[in-house]
Amino acid sequence: MSNLMVDGYHAWGQFYNSLISSIKVNILINGENNELSVGQTINLRSHPDESVRMESHKALEEIWTEKEDLFAKILNHIAGFRLQVYKKRGLKNVLE
């Protein structure tokens, strides 16, 4: 099972991390256009200026919507891998 995780669960996690790190978010702050990473944009959600917080939220929502098919595929594959592991282990109830 551990060997399968390399090309299954872990591979999809690495793909997700690569996708997130490749995304650049364009955000307007104080009239100036900035190209930020997802992490930098998330950090702006705690900015003291409400307009900056709103702008960062709006920019992130646009990115998530734009990439929603990729995120859905990642989550579905991770969940599918988990379900196959349960099946191979003979678990009929996920709470076991």
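Colleague: Which residues is Val38 in contact with, once its neighbours within four places in sequence are left aside?
Modeller: In this predicted model, Val38 is in contact with Ile20, Ile23, Val25, Leu60 and Trp64, leaving aside its neighbours within four places in sequence. To be called a contact, a pair must have heavy atoms within 4.5 Å.

Colleague: What makes the largest nonpolar core a core, and which residues does it have?
Modeller: The name asks for buried residues of the nonpolar kinds, joined through side-chain atoms within 4.5 Å, and the largest such set here has 10 residues: Leu19, Ile20, Ile23, Val25, Val38, Ala59, Leu60, Ile63, Phe71 and Ile74. Two or more of these residues come from each of helix 2 (9-22), helix 4 (50-66) and helix 5 (68-88), and helix 4 gives the most, with three residues. A second, separate core of five residues includes Ile29, Leu36, Leu44 and Val52. As a general background, nonpolar side chains in soluble globular proteins tend to be buried together.

Colleague: Why is Thr41 called buried?
Modeller: Buried means under 20% relative accessible area, and Thr41 has 0% relative accessibility, so Thr41 counts as buried. Thr41 lies in helix 3, residues 38-43, where, leaving aside its neighbours within four places in sequence, Thr41 is in contact with Val25, Leu36, Ser56 and Leu60.

Colleague: Is Ser56 buried or exposed, and how do you know?
Modeller: The relative accessible area of Ser56 is 0%, which is under the 20% limit, and therefore Ser56 is buried. Ser56 lies in helix 4 and, with neighbours within four places in sequence left aside, is in contact with Ile27, Thr41, Leu44 and Arg45.

Colleague: Why does Arg53 count as partly exposed?
Modeller: Partly exposed covers the range in between the buried limit of 20% and the exposed limit of 50%, and Arg53 falls in that range because its relative accessibility is 29%. Arg53 lies in helix 4 and touches Leu44, Arg45, Ser46, His47 and Pro48, not counting residues up to four places away in sequence. The C-alpha atoms of Arg53 and Ile42 are separated by 9.1 Å, although these two residues are 11 residues apart along the chain.

Colleague: What makes Trp12 partly exposed?
Modeller: With 26% relative accessibility, Trp12 is not under 20% and not over 50%, so Trp12 counts as partly exposed. Trp12 lies in helix 2 and touches Ile74, His77 and Ile78, not counting residues up to four places away in sequence. Trp12 and Phe81 are 69 residues apart in sequence, yet 9.8 Å apart in space, C-alpha to C-alpha.

Colleague: How do you know that strand 1 and strand 2 pair, and in which sense?
Modeller: Two strands pair if there are at least two bridges between them; strand 1 and strand 2 have six bridges, in the antiparallel sense, and therefore meet that condition. Across the pairing, Leu28 stands opposite Asn33 in strand 2, while the bridge partner of Val25 in strand 2 is Leu36. Strand 1 has a covered face, made of Val25, Ile27 and Ile29, and an uncovered one, made of Lys24, Asn26 and Leu28.

Colleague: Why is Asn30 called exposed?
Modeller: Exposed means over 50% relative accessible area, and Asn30 is exposed because its value is 71%. Asn30 lies in the loop between strand 1 (24-29) and strand 2 (32-37). The hairpin of these strands has two residues between the strands, and phi of Asn30 is near 55 degrees, a positive value in a residue other than glycine.

Colleague: What is Val94, buried or exposed, and which nonpolar surface patch does Val94 help to make?
Modeller: Val94 has a relative accessible area of 52%, which is over 50%, so Val94 is exposed. Val94 is found in the segment after helix 5. Together with Leu83 and Leu95, Val94 makes a nonpolar surface patch of about 340 Å².

Conventions. Residues numbered from 1 in each chain as written. Predicted model: local features only at pLDDT ≥ 70, side-chain atom pairs only at ≥ 80, totals over all residues. Heavy atoms only, no water. Buried < 20%, exposed > 50% of the residue type's maximum accessible area, 1.4 Å probe, protein only. Helix = DSSP H or I, 4+ residues; strand = E, 2+ residues; numbered from the N terminus. Patch = residues over 30% accessible without salt bridge, like charges linked within 9 Å, V, L, I, M, F, W, Y side chains within 5 Å. Areas by Shrake-Rupley, 256 points an atom, 1.4 Å probe, with all protein chains shown as cover. Salt bridge = Lys/Arg side-chain N within 4 Å of Asp/Glu carboxyl O.
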